[in-house]
Number of protein chains: 2
Amino acid sequence: MTSDLHATVEERLRDAGQRYTLKRRELVEVLRRAGRPSATPDLVRGRRGMPQSSVYRNLAVLEQVGVVRRVITEEGIARYELAEDLTTHHHHLVCRVCGAVEDVTIPSRLERTIERTLAEAAADLGFEGVGHRVDLIGTCRTCRASATA
Amino acid sequence: MTSDLHATVEERLRDAGQRYTLKRRELVEVLRRAGRPSATPDLVRGRRGMPQSSVYRNLAVLEQVGVVRRVITEEGIARYELAEDLTTHHHHLVCRVCGAVEDVTIPSRLERTIERTLAEAAADLGFEGVGHRVDLIGTCRTCRASATA
DNA sequence: ATCAGTGCAAACTTTTTGCACCGCA
DNA sequence: TGCGGTGCAAAAAGTTTGCACTGAT
């Protein structure tokens, strides 16, 4: 399924008149392996020949062609993950102390209920509901442990 | 009920060894009138004798004593609103184009269902669920109108 | 040869902080 | 009169951009 992913990415880029360069492939690969939204330092760290500007620019391109999604955390910094149609619909558990993010899925029955109700509320207010963001804010294992100390 | 609000704020500040100064009162008043999360420019604009540093510092204090809540938007900038126990539990509809935010409430029955399920999922992952963030992302009336042009 | 992509450094935006001064309990 | 609050200006942190160079078709 990995080659499927890259094939899809390549296609989306080509459709937008863009190339699937080595660096872009590397970014996609890192995001796939991460399995959770990654911050830019994570994408640059230890990777020589990967300046911030390229990371930001390539992520912007990948976002525009629908390959990655940009998520803003509680601290106001950006994290990036593969678009949901390349993975699966999920939500985030965000640690309010260290900002760590875990992926989580919830039962599709409840998912649909949430979606429907929110869309309804949105329509009442003149919004065209195109998506929702359901995050859980808490304290992760690690930060609870160090808080005890 | 307005005096109740200020009395509560004053009490919370006093309990933390802080004063309810005129500027803090002004900030609380503006947030109450806004009825939606406000960005710092909104809190400074047109208000002389209200430098950014004071706004940020006072908002930080008010957040620490549980009077205001800081919300990060899709664009990564902070917005501030009165804490939920001073208003009512609600969610946000965020315009993905202009970043406008509307408040919205959903039926308490569904609210409880969401809360319970998310807490459960969080516990499985070693998080201590202390809250959730349910936002709806869409396009507001104004931006839909200008998109048509 | 052309045009997208890259790398460096500088600019920009939002938020935080150092420091001297002000003012209320 | 002491300590919290204020204001200015500078610094951080994260992100974006200008520009010259590289590389693939």
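## Meeting DNA strand D

Which residues come nearest to DNA strand D? In this predicted model, the answer draws on both protein chains: A:Tyr56, A:Ala78, B:Gln18, B:Arg24 and B:Arg57 come nearest, out of 21 residues around the strand. Sorted by class, the surface near DNA strand D has ten polar, seven charged and four nonpolar residues. Looking at the DNA side, 60% of the atoms of strand D within 4 Å of the protein belong to sugar or phosphate, while the rest belong to bases.

Some individual contacts are worth finding in the viewer. A polar side-chain atom of A:Tyr56 lies 2.3 Å from a phosphate oxygen of DNA strand D. For A:Thr40, the distance from a polar side-chain atom to a phosphate oxygen of this strand is 3.3 Å, and for B:Lys23 it is 3.0 Å. The elements that give two or more residues to the surface near DNA strand D are helix 4 (52–64) of chain A, plus helix 2 (22–34) and helix 4 (52–64) of chain B.

## Turning to DNA strand C

Now for the other DNA strand. There are 20 residues around DNA strand C, and A:Gln18, A:Arg24, A:Arg57, B:Tyr56 and B:Ala78 come nearest. Of the atoms of strand C that come within 4 Å of the protein, sugar and phosphate account for 61%. The surface near DNA strand C is made up of nine polar, seven charged and four nonpolar residues.

Which part of DNA strand C does the side chain of B:Arg57 approach? An N or O atom in that side chain is 2.9 Å from a base oxygen of strand C. The side chain of A:Gln18, by contrast, has an N or O atom 2.4 Å from a phosphate oxygen of DNA strand C. B:Tyr56 also points to the phosphates, with a polar side-chain atom 2.3 Å from a phosphate oxygen of strand C. Two or more residues of the surface near DNA strand C come from each of helix 2 (22–34) and helix 4 of chain A and helix 4 of chain B.

## Where the two protein chains meet

How many residues of chain B are in contact with chain A? The count is 42, and they touch 42 residues of chain A. The size of an interface is often given as the accessible area lost when the parts come together. Here, chain B and chain A bury about 3,700 Å² between them, with 64% of it on carbon and sulfur atoms. B:Phe127, B:Arg133 and B:Leu136 stand out, supplying 21% of the area that chain B buries against chain A, more than any other three residues.

Between chain B and chain A there are zero salt bridges, and the number of residue pairs in polar contact is likewise zero, with both residues at pLDDT 80 or more. Several elements of chain B each supply at least two residues of the side that touches chain A, among them helix 5 (108–124), strand 6 (128–139) and helix 6 (141–148). Strand 6 of chain B gives the largest share, twelve residues. By class, this side of chain B divides into 21 nonpolar, eleven charged and ten polar residues.

## A look inside chain A

Chain A contains six helices and six strands. Read from the N terminus, its elements run α-α-β-α-α-β-β-β-β-α-β-α. Its C-alpha atoms fill a box of roughly 45 × 40 × 30 Å along the principal axes.

Three strands of chain A form an open sheet in the order 1-3-2, with antiparallel pairing. Strand 1 (38–39) and strand 2 (68–72) of chain A stand at the edges with a single partner strand each, so one side of each is left without a neighbour in the sheet. Strand 2 and strand 3 (residues 78–82) of chain A pair over five bridges in the antiparallel sense. To trace this pairing, start at A:Val68, whose bridge partner in strand 3 is A:Leu82.

## Salt bridges

Over all chains, the count comes to 13 salt bridges. One of them joins A:Arg12 and A:Asp85, whose closest N and O atoms are 2.9 Å apart. Why does this pair tie together parts that are 73 residues apart in sequence? It does so because A:Arg12 lies in helix 1 (residues 2–15) of chain A, whereas A:Asp85 lies in the loop between strand 3 and strand 4 (91–95) of that chain.

How values were computed: Residues are numbered from 1 along each chain as its sequence is written. Chains are lettered from A and ligands numbered from 1 in the order in which they are written. This is a predicted model: local features need pLDDT of at least 70, side-chain atom pairs count only at pLDDT 80 or more; totals for chains, interfaces and linings use all residues. Side-chain values use heavy atoms; hydrogens and water are left out. Contact means heavy atoms within 4.5 Å. Buried area is the accessible area (1.4 Å probe) that two parts lose on being put together, summed over both. A salt bridge is a side-chain nitrogen of Lys or Arg within 4 Å of a carboxyl oxygen of Asp or Glu. A polar contact is a pair of N or O atoms within 3.5 Å; within protein, one must be able to donate a hydrogen and the other to accept it, and residues adjacent in sequence count only if both atoms are side-chain atoms. Helices (H or I, at least four residues) and strands (E, at least two) are DSSP runs, numbered from the N terminus. Ala, Val, Leu, Ile, Met, Phe, Trp, Tyr, Cys and Pro count as nonpolar, Asp, Glu, Lys and Arg as charged, and the others, Gly among them, as polar. A residue is near a molecule or strand if one of its heavy atoms lies within 4 Å of it. Two strands pair if DSSP finds at least two bridges between them.
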